[in-house]
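Biologist: I would like to learn how to read a protein model feature by feature, with the general idea first and then the case in hand. Could we go through one together?

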Amino acid sequence: MINKKLIVARYNEDISWTKQVDFADVIIYNKGADEIPGAILLPNVGRESGTYLRFIIDNYDSLEKEGLYLFVQASPFEHYISFEDLKGCNGPQYFGRNFVEMSEGITSPYFPIGFPGKKFCDMFFLENPFPPEHQYVPVIYGANFCASGKMIKKRCKEFYQFLDI
């Protein structure tokens, strides 16, 4: 059986749905003002990708190569992801693809170089995730994805620390 961890990046969203999760260990990072029992409190700086980086950096040495790490926003279902998508995840994938398909495309599907959610995901899925200067990268709105420990460890811990500005 594959060990799964569900890493939830929360601000003020309702996370009651996480109580139904029986297929993964749930780790909640909370940037909101309200107290969530068992959650890891972070300052409200950056977006969900910063939260994902924090998990990777803090847990890098103990990540299981064959483990699956599901990174989701606290309200992933707003991005056309179903609970069954999360539960049925058996390998690395973007969860946000359905958003593009179901919204029949996005009027402006490109985002100038920065650090949008899809760009963060690409660090795991692409060999060279950083395009040449002044290039545009396609965006899948909603940084919700699954990566294996093996994929994460393709890059050294210092790589992630460098990104953690």
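Biologist: Which cysteine sulfur is the closest to the sulfur of Cys146, and how far away is it?

Modeller: Please keep in mind throughout that this is a predicted model. In general, a disulfide is a covalent bond between the sulfur atoms of two cysteines. Here the closest cysteine sulfur to that of Cys146 belongs to Cys89, at 3.3 Å, which is too far for a bond, because a disulfide needs the two sulfur atoms within 2.5 Å. The structure accordingly holds 0 disulfides. Cys146 itself is buried, with a relative accessible area of 0%, whereas Cys156 is partly exposed at 42%.

Biologist: Before we go on to other side chains, how many helices and strands does the chain have, and in what order do they run?

Modeller: The chain has 6 helices and 8 strands, and from the N terminus on their order is β-β-β-α-β-α-β-α-β-α-β-β-α-α. Of its 165 residues, 46% count as buried. If we take the contacts between residues at least 6 apart in sequence, 63% of them join residues at least 24 apart.

Biologist: How should I read a single helix, and which residues of α1 are buried?

Modeller: An α-helix has 3.6 residues a turn, so residues three or four places apart point the same way. Helix α1 covers residues 48–59, and its 12 residues should span 16 Å at 1.5 Å a residue; the C-alpha atoms at its ends are 17 Å apart, which agrees. Its buried residues are Glu48, Ser49, Thr51, Tyr52, Leu53, Phe55, Ile56 and Ile57.

Biologist: Tyr52 is in that list, so let me turn to aromatic rings. What describes a pair of them?

Modeller: A pair of aromatic rings is described by the distance of the centres and the angle of the planes. The model has 8 aromatic pairs. One of them joins Tyr52 and Phe145, whose ring centres are 5.7 Å apart and whose planes stand at 80°, an edge-to-face arrangement. Tyr52 lies in helix α1 and Phe145 in strand β8 (residues 145–148), so this pair ties together parts of the chain that are 93 residues apart in sequence. Both partners are buried, with a relative accessible area of 0% for Tyr52 and 0% for Phe145. Another pair, Phe159 with Tyr160, is edge-to-face because its centres are 5.3 Å apart and its planes are at 85°; Tyr160 counts as buried at 1% relative accessibility.

Biologist: Which residues do ring pairs link into a cluster, and where do charged side chains lie over rings?

Modeller: The cluster linked by ring pairs consists of Tyr52, Phe55, Tyr69, Phe71 and Phe145. As for charges over rings, Lys153 lies over the face of Tyr60, at 5.2 Å from the ring centre, and Arg155 lies over the face of Phe159, also at 5.2 Å from the ring centre.

Biologist: How many salt bridges are found in the whole structure, and which parts of the chain do they join?

Modeller: A search of the whole structure gives 6 salt bridges, and three examples show how to follow them. Lys5 pairs with Asp25, with the closest N and O atoms 3.2 Å apart; this links strand β1 (residues 4–10) to strand β2 (residues 25–30) across 20 residues of sequence. Asp25 counts as partly exposed, at 40% relative accessibility. In a second bridge the side chains of Lys87 and Asp22 meet at 3.8 Å, N to O. Lys87 lies in helix α2 (residues 83–87) and Asp22 in the loop between β1 and β2, so parts 65 residues apart in sequence are tied together. Lys87 is partly exposed at 35%, whereas Asp22 counts as exposed at 61%. In a third, the side chains of Lys157 and Asp61 meet at 3.6 Å, N to O. Here Lys157 belongs to helix α6 (residues 157–163) and Asp61 to the loop between α1 and β4, so the bridge ties parts that are 96 residues apart in sequence. Asp61 is exposed, with a relative accessible area of 64%.

Biologist: Finally, is Leu68 buried or exposed, and which residues does Leu68 touch?

Modeller: Leu68 lies in strand β4 (residues 68–73) and counts as buried, at 3% relative accessibility. Leaving aside residues up to four places away in sequence, the residues that Leu68 touches include Ile2, Lys5, Cys89, Asn90 and Cys146. Leu68 and Asn90 are 22 residues apart in sequence, with 7.8 Å between their C-alpha atoms.

Definitions and conventions. Residues are numbered from 1 along each chain as its sequence is written. This is a predicted model: local features need pLDDT of at least 70, side-chain atom pairs count only at pLDDT 80 or more; totals for chains, interfaces and linings use all residues. Side-chain values use heavy atoms; hydrogens and water are left out. Helices (H or I, at least four residues) and strands (E, at least two) are DSSP runs, numbered from the N terminus. The expected span of a helix is 1.5 Å times one less than its number of residues. Buried means under 20% relative accessible area, exposed over 50%, partly exposed in between (1.4 Å probe, protein chains only). Contact means heavy atoms within 4.5 Å. Rings of Phe, Tyr and Trp (its six-membered ring) pair if their centres lie within 6.5 Å; planes under 30 degrees apart count as stacked, over 60 as edge-to-face and the rest as tilted. A charge sits over a ring if NZ of Lys or CZ of Arg is within 6 Å of the ring centre and within 35 degrees of the ring normal. A salt bridge is a side-chain nitrogen of Lys or Arg within 4 Å of a carboxyl oxygen of Asp or Glu.
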